[in-house]
Amino acid sequence: MAILSESAPLSAVIGMQLLSTIRQRFETALQGWVEDPATHAARVSIARDRRHGDYQANIAMPLKNELGQPPQQIAQQLVDRLSILDVCHPPEIAGPGFINLKLTDAFLGDRLACVARDERLSVGQSASKTYVIDYSAPNVAKPMHVGHIRSTVIGDALARILRFLGHRVIADNHLGDWGTQFGMIIYGYRHFADSAAYAQDPVAELSRIYRIVQAVIGYQAAEPKLSAAQRRVEQAREKLQTVESLADDDPQRKKKLKAANKEVKSAQEAERTLAERVAAVQADPALAGIADKHPELEKRAQAETVKLHAGDPENLELWKQFLPISIAEIDAIYQRLDVHFDYTYGESFYQPLLAGVVERLLEQGLAEESDGAICVFLDGFDAPMIIRKRDGAFLYATTDLATIDYRMEHFQPDAMLYVVDHRQSEHFEKLFSAARKIGYEDIELRHISFGTVLGPDGKPFKTRSGDVVGLGYLLDEAVERAFQVVCNPERLERAGMQDMSDQEKRQIAVTVGLGAIKYADLSHNRTSDYKFDIDEMVQLEGDTAAYIQYMYARSQSILRKSTVTVDCQQLQAEDVVLQAPEERDLVLQLIQFEDALLQSVEDYYPSLLAAYLFGLARQFATFFEHCHVLNAESESLQRSRLAICHTTGRVLRQGLKLLGIDVVDRM
RNA sequence: GCGCCCGUGGCGCAACUGGAUAGCGCAUCGGUCUUCGGAACCGAGGGUUGUAGGUUCGAAUCCUACCGGGCGUGCCA
C-alpha cells in the first residue's frame, strides 16, 4: 500500500486503496491500546445502509470484553484517538457503538480528480506475486460445451484482474490431450472415416466420427442393461407400494418412504438414460449397422488407446495428425471469446515425467504399494490418492503432481489456482495435501471451484434429445438473440440510429451476445449452480452485460453531443462540483473501483467486480436522469458533470474489459 | 453408510464473512417526459431467511438435531 505522509495531498496518491487507508487510520488509533489492532481495524467496511454514512466501523462492540467498558465509551475513545478529518466529517457514534463515517466533498473531489487524471484510473500496480492459473482445460477431440464456459470465463477474468493489479500471471491451459477419446477416434478413423469429407473439413469429419463411436459405445453398453434397468424400476415401484401400505405409526415408515421414493426416481433416471442411448442408435440405420459390424467397440477403442500410450508408431502418427486439427477447433472458440493462454501444456506434455514422480515418491517413502497399486496415504482421508494403477497405468493425480513439480521448477509461483468444477474438490484436497507432504509448503494452492450450469429445467444443461449443446452453437445463438433485441429497426429508429450500417449492427450483436454469456456466468457467485437462460441474459434490462454496455453507450453519447470539451488529465479537485446527491453517490462509487478489484481477487470471486459494475451502471443511470449534463445551470457544473460522465465511461469500459467483455460507443 | 456443498418474497440471486429496519434484478401494480437515446428513471406490494432448539449485547451467517436437494466416495478425468 502507498505511504501517506501528512504533507502530501491525497490526490497525489495513485493506488491509495481507499478502504485500506481508512482501516490504517483505525489501526493506528488502536495501536498500543488493544491486543490485535489489525484484526479489529479490518472491521471497517463500506456502509451497508447509506443512511449510516459511507463507511462503518463495527469495532467497539467486540472489544467490550477485552477493554471491560461499554461499547459506546470505547467508540468515543476510539473516535478521539482517530486522525481522519482529512478524509471524512467528524465520525458519528450510533446505536450500540457503531462508528459511521461520511467522506467530505473535498476528499471525494480530490479522489475523483485523481482517478480521472490517471490512465489506470488510480489503480495501483504494486502487486508482485506470481500466479499460475490453470483453467479451461477442455478435452481435445471432444466438442466443447456449456460446461467449459465457467472455467474458461472465470479463469480468464481472474487472470485479467490479477495482471491489471500488477501480478505476474501465467495462464496455463491443461488440455486433456492424452485421454481415451483418442482411441475412439483412431478406431473410428480406421473404420468409418469418409476420406473425401476428411480432406475437405477434417474438423467436422473427426467430430462426426467421435459422435458415432460415442453413440455406438453408449448403445452397446446400454442395450444389455436395459431390461435389468426396467426390472429395477418395477421392483422399486413395488417396494414403494409395500412401504406405503405400512402402518402410519411405524416409526421407520417416513425414512423408508423417503428411501423408496429416491430409489424409484434414480431407477427411472437410469432407465431413461439407457433407453435414450438405445433408441438413438436403433432409430438410425447407419448407426445400427455400425453397431452390428463392430461389437465390443469400447474394448476395441480402449485397445487403440493402450497402443497409443505404449508408443505404437502408427497410432502416435495419427494422434499427431489429429491433435492440431482438434486444437484448431478449440482455438477458434477461444478466438471468439477473446481468451488467451501463455502456455498450453496438455497432459501429454507431462507423460515422460510420470514414472519419475512415482519412483521418487516411493524412494522418499511417501508412497507405498497397496493392492497392487501405488498409493499416497494422506491424513484425514479414508481413501488414498492412487498414482499408479495395478496395471501400471498412471492417473490424473500423477499428472497433476508432475505438473506441480514442473511449474515450481520453471515458474516459481507464489500461488497456483485451479479453476475446476466443484465435483473435483476432494481430488484437489488430496492433491494439495500430497503437495505439502512432498514439501511444497510455501505456496498458495487453491481450488477455485464452481457450480454446475443448469438448463431451464434446473437440470444440467442438455438439449431435448439429451445431447450436450456445442459451445460454438451457443455463442451463435447468443449473438443472434442479441441482434434481435438490440438491432431491431423499431428500436434503432426510436434511438435515432437508423443510419447504422450492417457491419456496425453485426459488431454490436457480437459484443452484446458474447458479453451476455460471459456476464451471466461471472455475475453469479461461482460456487452456486446457475440457470443458463439465453433469452434472459441478452436483455437490456436487469442485471445483464447489455444493461451495463448500454449505460456505457449513453455516457459516450452525452460526451459526443457536448460542445464543451473537458481535459480530464488536467482535472483538479476544485473542478468537481457535488451539487446533487446523485452526483455524490456516483463519485463515491467511482473512487471505489480499486477496492472492488482488490476485493474480487481476495478470495477469487469475479462476481464481486460484476456486482460493482452493475451498481455503477445503475448509479450512472440515476445520475444522468437527475443531473442534466449539457443543460447544466452553470459552465463549471457542466464541466464537472462531463468529467464525471467521462470517468464513469472509462471505469465501466475498464471494468468490463477485466471481465473479458467489450463495449461499443452506441447500441 | 461416510464426506463435502446448498435451502433467503412467485422466479433468479445478494448480504463485504457475527452487525443497525435482510438488499437487488425479473415479474406484478402505480407514477414521471415539448431538454443529453423511454428497452430509462421514481415509487408500491410481496419475507417468521427449510423446521426446532442453542451460543451472545446482536444470528441468514456459528453449534446441535431433524426435513428437503445436489455432488463425491480405492485403481475415470
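The exercises below, each with a worked solution, concern a predicted model.

**Exercise 1. Strand order**

Task: State which order the strands of the open sheet have, and which strands are its edge strands.

Solution:
- Strands of a sheet pair through hydrogen bonds of the backbone, in a parallel or an antiparallel sense.
- This open sheet has 4 strands in the order E6-E5-E10-E11, and the pairing is parallel.
- Strand E6 (168-172) and strand E11 (444-450) each pair on one side only, and these are the edge strands.
- Direction ignored, neighbouring strands of this sheet are turned by 20° against each other on average.
- For strand E5 (residues 130-134) and strand E10 (residues 415-421), the parallel pairing runs over 4 bridges. Ile133 has Leu417 in E10 as its bridge partner.

**Exercise 2. Helices on the sheet**

Task: Find which strands helix H6 lies across, and which strands helix H16 lies across.

Solution:
- Helix H6 (residues 146-164) lies across E5, E6, E10 and E11, and runs at about 155° to E10.
- Helix H16 (residues 425-438) lies across E10 and E11, and its angle to E11 is about 175°.

**Exercise 3. Two helix pairs**

Task: Classify the crossing of H22 with H24 and that of H7 with H13, then give the classes of the residues in each contact.

Solution:
- A packed pair of helices is described by the angle and the distance between the two axes.
- For helix H22 (residues 581-590) and helix H24 (residues 606-626), the axes come within 9 Å and cross at roughly 155°. The cut-off for roughly antiparallel is over 145 degrees, so H22 is roughly antiparallel to H24.
- The crossing of H22 past H24 is left-handed.
- On the H22 side the contact holds Glu582, Glu583, Asp585, Leu586 and Gln589; on the H24 side it holds Gly615, Leu616, Gln619, Phe620, Thr622, Phe623 and His626. By class these are 4 nonpolar, 5 polar and 3 charged residues.
- For helix H7 (residues 181-192) and helix H13 (residues 313-337), the axes come within 10 Å and cross at roughly 100°. Roughly perpendicular covers 65 to 115 degrees, so H7 is roughly perpendicular to H13.
- Phe182, Ile185, Ile186 and Tyr189 in H7 meet Asn315, Leu318, Trp319 and Phe322 in H13. This contact divides into 7 nonpolar, 1 polar and no charged residues.

**Exercise 4. The surface near RNA**

Task: Determine how many residues surround RNA strand B, and which helix gives the most to that surface.

Solution:
- RNA strand B is surrounded by 71 residues, of which the closest are Arg48, Met61, Asp371, Asn525 and Gly542.
- By class, this surface has 26 nonpolar, 24 polar and 21 charged residues.
- H24 gives the most to the surface near RNA strand B, with 6 residues.

Key. Residues numbered from 1 in each chain as written. Chains lettered and ligands numbered in written order. Predicted model: local features only at pLDDT ≥ 70, side-chain atom pairs only at ≥ 80, totals over all residues. Axes fitted to C-alpha atoms, helices over the stretch in contact; angles between N-to-C directions. Parallel < 35°, antiparallel > 145°, perpendicular 65-115°, else oblique. Left-handed = near helix turned anticlockwise from the far one by under 90°. Contact = placed C-beta atoms within 7 Å. Nonpolar A, V, L, I, M, F, W, Y, C, P; charged D, E, K, R; others polar. Near = placed C-beta within 6 Å. Pairing = 2+ DSSP bridges.
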